[in-house]
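Here are my notes for you to read alongside the structure. Keep the 3D view open and find each piece as it comes up.

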Amino acid sequence: MNTADLPTSCAPAVGFGSVFGPLNLNDETPVAIGGDRHIFQHPHAPSLLVKVMDMQARAVYLEARPFKRWYKQYQRESAYRVYLNEITEYVTTTTRPSGVWQVPMARIVGVAQTTLGLGLLVEKITDAAGNIAPTVADLARQGKMDANLSAQLDEFVEDLADAHVVLHDLSASNIACGQNADGKTGLFLIDGFGVLPLVPVYAWSKRLNRKRIQRKYVEMRAAMARRAREAALRASQSGSGAQV
């Protein structure tokens, strides 16, 4: 049956290749750069981002860790194991019963072939203007970490624990503040999740995972407070210097 014969509501809005590749990212500028990945705006889907591995950064990381470099050579999925970890965690936490109606995570759509290697397609969390949303780290640097955002952050972390999301990096840089593709506003986990240890005790035990999340959250808030104090000190010193 030809798609032209389908009712308008059933006809595909865009072609498969325009979403899942091959995507030409050679001349594109990343909208964000993580520790081991570059994040691009999807060239054909405004509501999607494409995460691709930074192979150079990974090589530098492994060069300083001979044992990790040795055993990772036996992983068939190579650098892309992180995709499997994130997809597995996303599927697990969004399909199991929990006290959270909708897990506050950016949705994972799939993978796409790109000119920079295999890319992970994820939901774009945006600000009111449709641009990529700021992270909690961005807002803290801008002096916008008020009581309301602090309370939102407390509730957000509690929701992650209730949904038994396994985190390996609870960082203010991995939490976006904006709206998802459905127009729901709030905080969303955009990175740092997935089971990494060979013995996944935090995936087995929700109680141990909750304690780990709470510990990491205390560390995160302490780090944010320390950076805020340092920024205030630099600002005061700069102001004093200007008056001399």
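**Notes on the strands, a helix and some salt bridges**

1. Let's begin with a hairpin: strands S4 and S5 form it, with two residues between them. Before you go on, keep in mind that this is a predicted model. S4 covers residues 108–114, and it runs antiparallel to S5, joined to it by six bridges. If you want one pair to look for, take valine 111, whose bridge partner in S5 is leucine 120.

2. Now look at the other neighbour of S5. Strand S3 (residues 48–53) pairs with S5 in the antiparallel sense too, over five bridges. Here you can pick out valine 50, which stands opposite leucine 121 in S5. In general, strands of a sheet pair through backbone hydrogen bonds, either parallel or antiparallel.

3. Is S5 mostly enclosed or open? Five of the seven residues in this strand (residues 117–123) are buried, so the rest of the structure largely encloses S5.

4. Step back and the whole sheet comes into view. It is an open sheet of five strands in the order S1-S2-S3-S5-S4, paired antiparallel. Which strands stand at the edges? They are S1 (32–33) and S4, each with a single partner strand, so one side of each is left without a neighbour in the sheet. At the S1 end, two bridges join S1 to S2, and these strands run antiparallel. Alanine 32 has isoleucine 39 in S2 as its bridge partner.

5. Glutamate 123 deserves a stop of its own. You'll find this residue in strand S5, and with a relative accessible area of 5% it is buried. Its C-alpha atom is 6.1 Å from that of serine 47, although the two residues are 76 apart along the chain.

6. Glutamate 123 also has a charged partner. Arginine 107 forms a salt bridge with glutamate 123, and the closest N and O atoms are 2.7 Å apart. Arginine 107 sits in the loop between helix H4 (81–95) and S4, while glutamate 123 is in strand S5, so the pair ties together parts that are 16 residues apart in sequence. The arginine end is less hidden from view: at 26% relative accessibility, arginine 107 counts as partly exposed.

7. There are nine salt bridges in the structure, and arginine 37 is a good one to follow next. What does the side chain of aspartate 36 meet in a salt bridge? The partner is arginine 37, at 3.8 Å from N to O. Aspartate 36 is partly exposed, with a relative accessible area of 30%, whereas arginine 37 counts as buried at 3%.

8. Arginine 37 has another contact to show you. It forms a salt bridge with aspartate 191, where the closest N and O atoms are 3.0 Å apart. Arginine 37 lies in strand S2 (residues 37–41) and aspartate 191 in the loop between strand S7 (185–189) and H7, so this pair ties together parts 154 residues apart in sequence. Add glutamate 86 and you have a network: Asp36, Arg37, Glu86 and Asp191 are linked by salt bridges.

9. Time for a helix. H6 (residues 147–162) has 16 residues and reaches 23 Å from its first C-alpha to its last, close to the 22 Å expected at 1.5 Å a residue. Which of its residues are buried? They are Leu149, Ser150, Leu153, Phe156, Val157, Leu160 and Ala161. These residues cover an arc of only 135° around the axis, which puts them on the same side of H6. The general rule helps here: an α-helix has 3.6 residues a turn, so residues three or four places apart point the same way.

10. Turn H6 around to see its other face. Away from the buried side, H6 carries the exposed residues Ala147, Asn148 and Glu155. Just after H6, look for histidine 164, which takes a positive phi of about 60°.

11. Finish on the surface. Leu198, Val199, Val201, Trp204 and Leu208 make a nonpolar patch of about 560 Å². One of these residues, valine 201, lies in helix H7 (residues 201–204). Valine 201 counts as partly exposed, at 31% relative accessibility.

Terms used:
Residues are numbered from 1 along each chain as its sequence is written. This is a predicted model: local features need pLDDT of at least 70, side-chain atom pairs count only at pLDDT 80 or more; totals for chains, interfaces and linings use all residues. Side-chain values use heavy atoms; hydrogens and water are left out. Helices (H or I, at least four residues) and strands (E, at least two) are DSSP runs, numbered from the N terminus. The expected span of a helix is 1.5 Å times one less than its number of residues. Buried means under 20% relative accessible area, exposed over 50%, partly exposed in between (1.4 Å probe, protein chains only). The arc is that of the directions from the helix axis to the C-beta atoms. Patches are made of residues with over 30% relative accessible area and no salt bridge: like charges are joined within 9 Å, nonpolar side chains (Val, Leu, Ile, Met, Phe, Trp, Tyr) within 5 Å. Accessible areas come from the Shrake-Rupley method with a 1.4 Å probe; for residues, only the protein chains shown count as cover. A salt bridge is a side-chain nitrogen of Lys or Arg within 4 Å of a carboxyl oxygen of Asp or Glu. Two strands pair if DSSP finds at least two bridges between them.
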